[in-house]
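Let's take a walk through a structure in which protein meets DNA. Keep the picture open beside you and find each part as it comes up.

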2 protein chains.
Amino acid sequence: MSTEEITNYLAKNDVKPSFQRLSIYQYLISKKNHPTADTIYKELMPNIPTLSKTTVYNTLKLFVDKGVAIAINIEDNEVRFDADTSTHGHFKCEKCNHIYDLTIDVSTLKFENLNDYLIKEAHFYFKGICEKCQKNNINNN
Amino acid sequence: MSTEEITNYLAKNDVKPSFQRLSIYQYLISKKNHPTADTIYKELMPNIPTLSKTTVYNTLKLFVDKGVAIAINIEDNEVRFDADTSTHGHFKCEKCNHIYDLTIDVSTLKFENLNDYLIKEAHFYFKGICEKCQKNNINNN
DNA sequence: GTATCTGCAAAACATTTGCAATTCT
DNA sequence: AGAATTGCAAATGTTTTGCAGATAC
C-alpha cells in the first residue's frame with residue numbers, strides 16, 4: 001500500500017491524514033504486530049521526536065471510531081490495535097507472547113438463539129502454545 | 001448449589017473458603033451478571049461492611065488462577081468475571097449493556113492451521129443489539 | 001503459635017481531559 | 001484568519017503493592 005493509497009483510504013473513511021496519523025497507520029499495516037499504544041509511541045519516537053503519547057491515543061481512538069482499526073482485548077491489562085478490520089481471530093502464545101492472526105470461517109459457527117441477536121462485531125480470542133514453542137519445549141503441560 | 005457444595009468445590013480447586021471468598025463466589029453464581037470487581041464490592045458492602053476492594057481484587061485473581069472463574073474482556077475499559085468456566089460465548093448489547101451467555105458448539109468452528117496451535121483457552125465476544133432492544137426500537141442502524 | 005488472610009493507605013499504570021501552541025488550507 | 005490537530009501537564013480511574021493487624025487451624 002503506497003502512501004497515496006493510504007491517504008485516500010483514510011480520507012474515504014473520514015480520517016484527515018496528518019503526518020502523525022499516516023505514520024501510525026503505516027506502522028500498523030507494515031508491522032502487523034498488534035501493538036499497544038505504548039509500543040507504537042516507543043517505536044515511532046526515534047523518527048518523530050515531537051510525537052506525544054496523547055496523539056497516539058487520540059489517533060487510535062479516531063481509527064477505531066472511523067472503522068479503520070480495531071481494538072484487541074485478548075489480555076485484561078493492555079489494549080492492542082490492528083488495522084485489519086475484517087472479522088478474524090487472534091491466538092496469543094503463552095510462551096513467546098506472539099499474537100497470531102487466525103482466518104476463521106465464521107459461516108461454520110453455530111450457537112443457540114443465533115437469530116435473536118443482531119451482531120455488529122465479533123471477536124475470537126485463543127490462548128495456548130504456538131507450534132514453534134511446542135517444538136522448542138517438550139514440557140508444555 | 002448449597003454453601004457446603006461451594007465450600008467443597010472451592011477446596012477441591014485449592015481455594016481455601018474464607019467468608020469473603022464464599023460470599024464473592026456465591027454472588028457470582030447466583031447473579032450470573034458478569035460483574036466487575038467494583039460492582040461486586042458495591043453489592044456486597046451492605047452485607048459485609050468491613051469488606052475492602054483489595055480483598056475483592058485478591059479473591060478474583062485467586063479464582064482465575066485456580067480456575068474457578070474466568071475474566072471477560074469484552075470491553076477495553078473494564079474486566080468482568082464469570083464463575084462459569086466452561087467454554088462459551090458472550091454477547092453484549094450496545095443498547096441495554098446486558099451481557100448474554102451464548103452456548104457455542106465449538107466443534108463446528110474451523111480455522112486455518114488449527115492443528116498448529118495447542119489451545120488452552122477460547123473466548124468468543126459479540127457486540128450488537130439483543131432481541132429485546134431490537135423490538136423496542138426500530139432505528140437500530 | 002505459625003501461617004494465611006484481610007484491609008488500609010500509598011503507589012503504579014494506563015488512559016483521558018483541559019488548554020495553549022502549532023499547523024494546515 | 002479560521003478550523004483542526006498536536007502535545008504538555010494535570011487529572012482520573014483501575015489495579016497492585018507493602019505492610020500491620022486480625023483470623024484460622
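In this predicted model, begin at the surface near DNA strand D, where three helices each supply at least two residues: helix H2 (19–31) and helix H4 (53–66) of chain A, and helix H4 (53–66) of chain B. Which of these elements gives the most? It is H4(B), with 3 residues. Try finding that helix on your screen before reading on.

Now look at individual residues. There are 13 residues around DNA strand D, and those that come nearest are Ser18(A), Arg21(A), Thr50(A), Ser52(A) and Tyr57(B). By class, the residues of this surface near DNA strand D divide into 3 nonpolar, 7 polar and 3 charged. What part of the DNA do they meet? Of the atoms of DNA strand D within 4 Å of the protein, 77% belong to sugar or phosphate, while the rest belong to bases.

Some single contacts with phosphate oxygens of DNA strand D are worth finding. Arg21(A) places a polar side-chain atom 2.8 Å from a phosphate oxygen of this strand. Thr50(A) uses its backbone instead: one of its backbone N or O atoms lies 2.7 Å from a phosphate oxygen of DNA strand D. In Thr55(A), an N or O atom of the side chain is 2.9 Å from a phosphate oxygen of DNA strand D.

Next, turn to DNA strand C. Here the elements that each supply at least two residues of the nearby surface are H4 of chain A together with helix H2 (19–31) and H4 of chain B. The largest share, 3 residues, comes from H4(A). DNA strand C is surrounded by 13 residues, and the closest are Tyr57(A), Ser18(B), Thr50(B), Ser52(B) and Thr55(B). The surface near DNA strand C is made up of 3 nonpolar, 7 polar and 3 charged residues.

For DNA strand C, 80% of the atoms within 4 Å of the protein belong to sugar or phosphate, and the rest to bases. Two threonines show contacts with phosphate oxygens of DNA strand C: a polar backbone atom of Thr50(B) is 2.8 Å from one, and an N or O atom in the side chain of Thr55(B) is 2.9 Å from one. And where does a base come in? Look at Thr54(B), where a polar side-chain atom lies 3.3 Å from a base nitrogen of DNA strand C.

Let's leave the DNA and look inside chain A. How is this chain divided? The domain assignment gives domain 1 (3–82) and domain 2 (89–140). Taken over C-alpha atoms, the centres of these two domains of chain A are separated by 23 Å. The two parts touch: 10 residues of domain 1 of chain A are in contact with 10 residues of domain 2 of chain A. The size of an interface is often given as the accessible area lost when the parts come together. Between domain 1 and domain 2 of chain A, the buried area is about 840 Å², with carbon and sulfur atoms giving 58% of it. On the domain 1 side, His34(A), Ile74(A) and Glu75(A) lose the most area to domain 2 of chain A, together 58% of what that side buries.

There are polar links across this boundary too. The rule finds 3 salt bridges between domain 1 and domain 2 of chain A, and the side chains of Glu78(A) and Lys92(A) meet in a salt bridge (4.0 Å, N to O). On the side of domain 1 that touches domain 2, strand E1 (70–75) and strand E2 (78–82) of chain A each give two or more residues. E1(A) gives the most, with 6 residues.

Finally, see how the two protein chains meet. In all, 37 residues of chain A are in contact with 37 residues of chain B. About 3,400 Å² is buried between chain A and chain B, and carbon and sulfur atoms give 57% of that area. The rule finds 3 salt bridges across this interface. Glu121(A) forms a salt bridge with Lys127(B), with the closest N and O atoms 4.0 Å apart.

Which elements of chain A build its side of this interface? E1, strand E4 (99–102), strand E5 (118–129) and helix H5 (131–136) each supply at least two residues. E5(A) gives the most to the side that touches chain B, with 12 residues. By class, this side of chain A has 18 nonpolar, 8 polar and 11 charged residues.

Key
Residues numbered from 1 in each chain as written. Chains lettered and ligands numbered in written order. Predicted model: local features only at pLDDT ≥ 70, side-chain atom pairs only at ≥ 80, totals over all residues. Heavy atoms only, no water. Near = heavy atom within 4 Å. Polar contact = N/O pair within 3.5 Å; in protein donor to acceptor, adjacent residues only side chain to side chain. Helix = DSSP H or I, 4+ residues; strand = E, 2+ residues; numbered from the N terminus. Nonpolar A, V, L, I, M, F, W, Y, C, P; charged D, E, K, R; others polar. Domains from an automatic or database assignment. Contact = heavy atoms within 4.5 Å. Buried area = accessible area lost by both parts, 1.4 Å probe.
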